[in-house]
Amino acid sequence: MTPSQGPLGLNALAERLEAISSVYASHFGITRDRDWFLLKIQEELGELTQAFLRLTDRARGKENDAAAERLADEAADVLGQLLLLHRAMGVDFDAAVRRKWLRYEAAGDAS
């Protein structure tokens, strides 16, 4: 089995994140729909950008003690929200990654 055929586990991860997101939404009285998921990605992307700017000394509040960890955490938030949006839309994320990215592994060509 080639890497492009093996399990990626993104769909399974999305299911685990959905369980957490559902509890979060219930606790805070949030109605999650496709629009909310997309807007949440945008919010998290802004936080990722802010963390990047701080890490690279291009923003106020240059407390760099945990800047690299914060950047990683914000990237995890963006990925998590992206997986949740695609889950809500019924997208098979594993198949999409195979189709869009991993098909180039066997070909050795990124054209």
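Helices are DSSP runs of H or I with at least four residues, numbered from the N terminus. By that rule, Gln81 has its place in helix α3, and this residue will return below as part of a pocket lining. The model described here is a predicted one.

A good starting point is the overall plan. The protein contains 4 helices and 0 strands, and from the N terminus on its elements follow the order α-α-α-α. Of its 111 residues, 24% count as buried. Among the contacts with a separation of 6 or more, 60% are made by residues 24 or more positions apart. Partners far along the chain are therefore worth following in the model, given that contact here means heavy atoms within 4.5 Å.

Helix α3 comes next. This helix has 22 residues and reaches 31 Å from its first C-alpha to its last, close to the 32 Å expected at 1.5 Å a residue. Its buried residues are Ala67, Glu74, Val78, Gly80, Gln81, Leu83, Leu84 and Leu85. The cover over these buried residues includes α1, α2 and α4. Just after α3, Gly90 takes a positive phi of about 80°.

Gln81 offers a closer view of this helix. Gln81 counts as buried because its relative accessibility is 11%, and buried means under 20%. Leaving aside residues up to four places away in sequence, Gln81 touches Trp36, Phe37, Lys40, Ile41 and Glu44. One of these partners, Trp36, is 45 residues from Gln81 in sequence, yet the two lie 9.9 Å apart in space, C-alpha to C-alpha.

Several of these names come back in the largest pocket, which has a volume of about 290 Å³. Its lining consists of Leu17, Ile20, Ser21, Tyr24, Trp36, Lys40, Glu44, Ala76, Asp77, Gly80, Gln81 and Leu84. Three helices, α1 (10-28), α2 (34-55) and α3 (67-88), each supply at least two residues of this lining. Helix α3 gives the largest share, with 5 residues. Sorted by class, the lining of the largest pocket has 6 nonpolar, 3 polar and 3 charged residues.

Helix α1 holds two glutamates that make a useful pair to look at, Glu18 and Glu15. Glu18 has a relative accessibility of 13% and so counts as buried. Residues up to four places away in sequence aside, Glu18 touches Arg32, Phe37, Leu84 and Arg87. Leu84 also belongs to the lining of the largest pocket, and Phe37 is a contact of Gln81 too. Glu15, with a relative accessible area of 45%, is partly exposed, because that class runs between the 20% limit for buried and the 50% limit for exposed. Glu15 and Arg87 are 72 residues apart in sequence, while their C-alpha atoms are 7.8 Å apart in space. Arg87 thus appears twice in this part of the model, as a contact of Glu18 and as the distant-in-sequence partner of Glu15.

Helix α4 (residues 93-107) has 15 residues and reaches 21 Å from its first C-alpha to its last, close to the 21 Å expected at 1.5 Å a residue. There is nevertheless a kink of about 45° in α4, centred on Arg99. Phe93, Asp94, Ala96 and Leu102 are the buried residues of this helix, and they pack against α1 and α3.

The loop between α2 and α3 can be visited last, through Thr56 and Asp57. Thr56 is partly exposed, with a relative accessible area of 29%. Along the chain, Thr56 and Ala68 are 12 residues apart, and their C-alpha atoms are separated by 9.7 Å. Ala68 follows a helix start that can be found at residue 67, where α3 begins. Asp57 is partly exposed as well, at 44% relative accessibility. What catches the eye at Asp57 is its backbone: it has a positive phi of about 55° although it is not a glycine. Most residues other than glycine have a negative phi.

Definitions and conventions. Residues are numbered from 1 along each chain as its sequence is written. This is a predicted model: local features need pLDDT of at least 70, side-chain atom pairs count only at pLDDT 80 or more; totals for chains, interfaces and linings use all residues. Side-chain values use heavy atoms; hydrogens and water are left out. On a 1 Å grid over the protein atoms alone, a cavity is a set of points where a 1.4 Å probe fits but cannot get out, and a pocket is an open set with protein on both sides within 12 Å along at least five of seven lines; lining residues have an atom within 4 Å of a point. Grid points are joined across faces, edges and corners, and a volume is the space filled by probe spheres set on the points. Ala, Val, Leu, Ile, Met, Phe, Trp, Tyr, Cys and Pro count as nonpolar, Asp, Glu, Lys and Arg as charged, and the others, Gly among them, as polar. Buried means under 20% relative accessible area, exposed over 50%, partly exposed in between (1.4 Å probe, protein chains only). The expected span of a helix is 1.5 Å times one less than its number of residues. The bend at a residue is the angle between axes fitted to the seven residues ending there and the seven starting there.
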